[in-house]
Amino acid sequence: MKDPAFYETGSGGDMSLLNNDIVLSSGLFNQVYFALFGGNPKQSTTQDIITPREDWWANELFLSSYPALQYNSQTERTLTEVALNSSGRAAIERAITQDLQYLQLPYTLDVSITSTNKVEIHIKMNESMANETYRFIWDATRSELIETQLI
């Protein structure tokens, strides 16, 4: 299956273009990227959400008739709330694990605090259709994702 290829701009994701055409991606990067960073870090999904919605981007689009299936990303919120120490790293790992649970695919996760204000997340998908490793770098000072990369 092909999806538009997305990349991080430092202020949210954008579609990749080449000669005015949308670049396509066949891996699971988009699924992982949106699962971790596709929601609003300030609001969880509830039954009484006021428009405009401030939860996960696809709840209203695809799951409006199925409130029990609606989803909310925990990773970005956790990255903005925890201290960058060993207990914060463990909380970030738990949030990522929760956000990727819906994929029901095997993966390996490594979360490292690379400096006083940066977190590096490596996710290796251990699936024959997408044996890929993704790297996400979070800048805690700016409270934003500053880099995404397929390794």
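**Figure 1. Helix α1, in which F29, N30, V32, Y33, A35, L36 and F37 are buried.** The coordinates belong to a predicted model, in which local features need pLDDT of at least 70 and side-chain atom pairs count only at pLDDT 80 or more, whereas totals for chains, interfaces and linings use all residues. Residues are numbered from 1 along each chain as its sequence is written, and side-chain values use heavy atoms, with hydrogens and water left out. Helices (H or I, at least four residues) and strands (E, at least two) are DSSP runs numbered from the N terminus; buried stands for under 20% relative accessible area, exposed for over 50%, and partly exposed for the range in between, with a 1.4 Å probe and protein chains only. Because 7 of the 9 residues of α1 are buried, this helix is largely enclosed by the rest of the structure. Leaving aside neighbours within four places in sequence, V32 is in contact (heavy atoms within 4.5 Å) with L100, L103, I123, M125, Y134 and F136.

**Figure 2. The largest nonpolar core, which has 21 residues.** A nonpolar core is here a set of buried Ala, Val, Leu, Ile, Met, Phe, Trp, Tyr and Cys residues joined through side-chain atoms within 4.5 Å. The residues with the most contacts inside this core are V32, I123 and F136. The elements that give two or more residues to the core are α1, α4, β8 and β9 (133-139), and α1 gives the most, with 6 residues. In soluble globular proteins, nonpolar side chains tend to be buried together.

**Figure 3. Helix α4 (residues 86-100) and its buried side.** The expected span of a helix is taken as 1.5 Å times one less than its number of residues, so the 15 residues of α4 should span 21 Å, in agreement with the 21 Å between its end C-alpha atoms. The buried residues of α4 are G88, A91, I92, A95, I96, D99 and L100. These residues cover an arc of only 165 degrees around the axis, which puts them on the same side of α4; the arc is that of the directions from the helix axis to the C-beta atoms. The face turned away from the buried side carries the exposed residues S86 and R94. On the buried side, the residues of α4 pack against α1 (29-37), α3 (75-81), β7 (107-115) and β8 (118-125).

**Figure 4. The open sheet of 4 strands, in the order β7-β8-β9-β10 with antiparallel pairing.** Two strands are said to pair if DSSP finds at least two bridges between them. The edge strands β7 and β10 (144-150) each pair on one side only, and neighbouring strands are turned by 15 degrees against each other on average, direction ignored. Axes are lines fitted to C-alpha atoms, for helices over the stretch in contact, and angles run from 0 to 180 degrees between N-to-C directions. Helix α1 packs on the sheet, touching β8, β9 and β10, and its direction makes about 30 degrees with that of β9. Helix α4 lies across β7 and β8, running at about 145 degrees to β7.

**Figure 5. Strand β9 and its two neighbours, β8 and β10.** Strand β9 is mostly covered, since 7 of its 7 residues are buried. T133, R135, I137 and D139 point one way from β9, while Y134, F136 and W138 point the other way. In a regular strand the side chains alternate between the two faces of the sheet. Towards β8, 7 bridges join the two antiparallel strands, and K124 stands opposite T133 in β9. Towards β10, the antiparallel pairing extends over 6 bridges; the bridge partner of R135 in that strand is Q149, and I137 stands opposite E147. In the hairpin of β9 and β10, which has 4 residues between the strands, S143 takes a positive phi near 55 degrees.

**Figure 6. Two exposed residues, K2 and E81, with partners remote in sequence.** K2, in the segment before β1 (3-4), is exposed with a relative accessible area of 57%. K2 and G27 are 25 residues apart in sequence and 7.9 Å apart in space, C-alpha to C-alpha. E81, in helix α3, is exposed with a relative accessible area of 60%. The C-alpha atoms of E81 and A140, 59 residues apart along the chain, are separated by 9.5 Å.
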